[in-house]
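Q: Please give me a close look at one part of this model. I would like a single connected account, with the cut-offs stated.

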There are 2 protein chains.
Amino acid sequence: MADKQSTKPARGTRDFLPDDIRRREHVIGVVREVYQRYGFEPLETPAFENIETLMGKYGEEGNQLIFKILKRGEHERSGEADLALRYDLTVPLARVVAEHQTQLPTLFKRYQIQPVWRADRPARGRFREFYQCDIDATGSTSPIVEAEILGAVSEILTTLGFADFVIRLNHRGLLAAVLAAFGMPGDALVALDKLDKIGVDGVIADLVARGVPQDRADPFVHFFGSEISGVDAAGGILSASENNEFWLQRLAAVGAAGSDALRNIEQVLALTQVTEARGLVRVDPSLARGLSYYTGAIMEIAVDGIGSLGGGGRYDNLVGMFLGRDVPACGFSLGLERIIVVMSERGMFPESVVKNAVDIVVTFLGEGSRVEALKLAGELRQARWRVDVFPDAGRKFDKPLKYAAARGARVMAIFGENEAERGEASIRNLETREQVSVPRADAASYVASLLNPQ
Amino acid sequence: MADKQSTKPARGTRDFLPDDIRRREHVIGVVREVYQRYGFEPLETPAFENIETLMGKYGEEGNQLIFKILKRGEHERSGEADLALRYDLTVPLARVVAEHQTQLPTLFKRYQIQPVWRADRPARGRFREFYQCDIDATGSTSPIVEAEILGAVSEILTTLGFADFVIRLNHRGLLAAVLAAFGMPGDALVALDKLDKIGVDGVIADLVARGVPQDRADPFVHFFGSEISGVDAAGGILSASENNEFWLQRLAAVGAAGSDALRNIEQVLALTQVTEARGLVRVDPSLARGLSYYTGAIMEIAVDGIGSLGGGGRYDNLVGMFLGRDVPACGFSLGLERIIVVMSERGMFPESVVKNAVDIVVTFLGEGSRVEALKLAGELRQARWRVDVFPDAGRKFDKPLKYAAARGARVMAIFGENEAERGEASIRNLETREQVSVPRADAASYVASLLNPQ
């Protein structure tokens, strides 16, 4: 035997044990079912892309977080990389729309649920491998797309049991108008994006450090600051419609009046009123979203005290980088990891999701009973039950009993020596601990009657 | 706009468009459902591992096919790799069993359906990214494990519609006995493994090139050669039981008599007779299986004229390389890609799997009808139908009609100008091309009656 090796997964990655996977599959099942009802179709792309497909799409910070794959064979020694792991699901989608344009409908609505990889410093809730659940529609500029996406995402979260989320809505055009009105440089957005975390004073300090005079930074940040959480002057929470009216007026007043951006946001607001997102959308002019490719509406779902569960927006130019002509597009990415963390902490998973991996454990004593054990397992599986055969029972049944408990089984079927002699099987109800012997031929139907009374 | 970029996926990888994914999910759904009924639980591991976890586990040829990930940040320039993409699902499982031993049951039965990556030269049906569907049980040496695994895999293939597969069964101990009986070196297995492809004369030539004298190579290869396909002297096909009796006797005669290996194979054969693998298992002493970690029974599923759909075996020492003490294990890996290729070529996918991505397309004319279109879509989705809103209808309905046909929709709901005036919706049966106007309030129930008659 070789020396013992490290058994840890790589830094920032996780092994998902059965209970983890059942949680994940519960969430993914809801996501997939809702997206399909909204007319989105599944797409999957390779884990790695040619390196030039990814480089330069995410800004300088993004570039540095991309995992690069070494050339192979004789080129390995060059130390060069020609492939890179997927950093998100949006750039691969843009490439796919360009590559397969003749096969895809002009309006292409796809969902994609796959892992992405970022060489970020791992922290609580931040991993180097994590799943994204994306929906995107390419080929339409209609605000119906934004409304449908927000409706679908809202229905997913509601179905999963979230009752306290809001949808923050802004528009890159409105951000530009506000920056212009206050004479801010473009990188003021980077500072503004941190308003949630570092507060009004923090952002002002950051802006000053970037060379913005204090007397310009002050009014700019206070434009967003006082109403950031929809709190009005009296300290009460504004309703979504009060909040939206307030901000639409205020944005119009600083120069956005009559703009396409303002009109677009008004339309998205009106249309979401007939979707599952009704009453949840709050205009929030401080929402900046990091990625550089957005061109229109931007949105984010936030839960009080938790932060973002996902975000997205319109990006009408990204496909053009691959296709040579622009194709309008809008999408939203749900953060699976954050959703699972919050649902676990809040006990939002149904009991049946987490436990109960099998229904029945069959066990036996002595090689002579092995065939009977396998036969009964086969009969029960044909009846669609989930059945485990415990292959190594000793003289006592404490090992298989312990095993059955760990698997969440409700029934154990036993072929011991007495049972073999009498042509019977013992059936134990693991919940009531009652055990009865039944003729071998009746074993399967008796087990079924225990699992499914009446 | 930047210069147009390449839109190809990386060499040897594929984009899976919606029709592809529906095929893949159909197969994966069957695999998962059957494995669960056999008591296997889901597991997932990270795409990449620390490089030393993978290196040296697959032999020299395997090492060279591993994709390596460059160190990050300041270390990138060193050209060194510290991570590597998963090459199979078995080594990660061995690592997981060692790492999480206190959390896992002593008998751990898991399935894992994830992609693996190998820097092989791409060819027809051979990719650099492909899925494996693995089941493995760790913690038991009982031949019940082999029998249950073969039963589960057989049930999967039968459920998918395969009727012409056989299970080739051999044992590393029997291979060793035959090698010893004919005075062969260990690497004779590498030559023997090609018997299917290069025939008796090819293998003899290969052995001679490896320094085996011709007069030893001849009887060794002919030991396997004449009966390789279960063809008896008269040219007829031997039944599975005739074939097995023939080979068990012949193996006993060359020195395997009374060995643990022969006894183990006899037990696996007897136990599979009460599983879904009954009548399908054929002892085949020429089966070698490439991977070096197998220690006991080895098996492969083959379809005539197609080749292998998957294989596996017992490997009782691999977990020990991580844990420091041996844990017995046995597993099987189904080749998803090959299964899908064969099912596509043979037309084995149900029509419903491939087409029919949505049930209803809702379309409208003019901004005034947008809200009604979205509302009806919401009503239909609440009734669990899959609904698409076509957001950009022009004056005519040819574009949405073409779109609805491409999506496989059966019904189109239309809000035109006339409908808006009259408070109605037009509902078109896309199969019969009949179109009727119904009061707006009855639209959803009328659509449902078309999709689900009576």
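A: Chain B superposes on chain A by a rotation of 180° with 0.0 Å of shift along its axis, at an RMSD of 0.1 Å. The superposition is by least squares on the C-alpha atoms of residues with pLDDT of at least 70 in both copies; pLDDT is the predictor's confidence in each residue, from 0 to 100. The two copies are thus related as by a two-fold rotation axis. Within chain B, the C-alpha nearest that axis belongs to Gly79(B), at 1.9 Å. The same surface serves both copies, with 100% of the contact residues of chain B recurring in chain A. Two residues count as in contact if their C-beta atoms, placed from the backbone, lie within 7 Å.

This is a predicted model, in which local features need pLDDT of at least 70 and side-chain atom pairs count only at pLDDT 80 or more, while totals for chains, interfaces and linings use all residues. Residues are numbered from 1 along each chain as its sequence is written, and chains are lettered from A and ligands numbered from 1 in the order in which they are written. The model scores ipTM 0.90 and pTM 0.91. Chain A has a mean pLDDT of 91, and 96% of its residues reach 70 or more.

Across the interface, 85 residues of chain B are in contact with 85 residues of chain A. Helix α15 of chain B (residues 370–382) gives the largest share of the side of chain B that touches chain A, six residues. Helices (H or I, at least four residues) and strands (E, at least two) are DSSP runs, numbered from the N terminus. By class, this side of chain B has 43 nonpolar, 19 polar and 23 charged residues. Here Ala, Val, Leu, Ile, Met, Phe, Trp, Tyr, Cys and Pro count as nonpolar, Asp, Glu, Lys and Arg as charged, and the others, Gly among them, as polar.

Arg384(B) lies in the loop between α15 and β13 of chain B. Its phi is near 75°, a positive value in a residue other than glycine. Most residues other than glycine have a negative phi. With 11 other C-beta atoms within 10 Å, Arg384(B) is exposed. A residue is exposed if 12 or fewer other C-beta atoms lie within 10 Å of its own, buried if 20 or more do, and partly exposed in between; C-beta atoms are placed from the backbone.

The part chosen for the close look is helix α16 of chain B, residues 398–407. Its buried residues are Pro400(B), Leu401(B), Tyr403(B), Ala404(B) and Arg407(B). Seen down the axis of α16(B), these fall within an arc of 165°, so they line one face of the helix. The arc is that of the directions from the helix axis to the C-beta atoms. On the face turned away from the buried side, α16(B) carries the exposed residues Asp398(B) and Lys402(B). The cover over the buried residues of α16(B) includes three strands of chain B: β12 (360–364), β13 (387–389) and β14 (411–415). Gly408(B), just after α16(B), takes a positive phi of about 75°.

A positive phi is also found at Arg433(B), about 65°, although this residue is not a glycine. Arg433(B) is in the loop between β15 (424–429) and β16 (435–439) of chain B, and is exposed, with 8 other C-beta atoms within 10 Å.

In chain A, strand β16 (residues 435–439) holds Val438(A). Val438(A) is partly exposed, with 17 other C-beta atoms within 10 Å. Not counting residues up to four places away in sequence, Val438(A) touches Glu424(A), Ala425(A), Ile427(A), Ala443(A) and Tyr446(A). One of these, Ala425(A), is 13 residues from Val438(A) in sequence and 5.6 Å from it in space, C-alpha to C-alpha.

As for the setting, chain A has 18 helices and 16 strands, and buried residues make up 46% of its 454 residues. The C-alpha trace of chain A spans about 95 × 65 × 45 Å along its principal axes.
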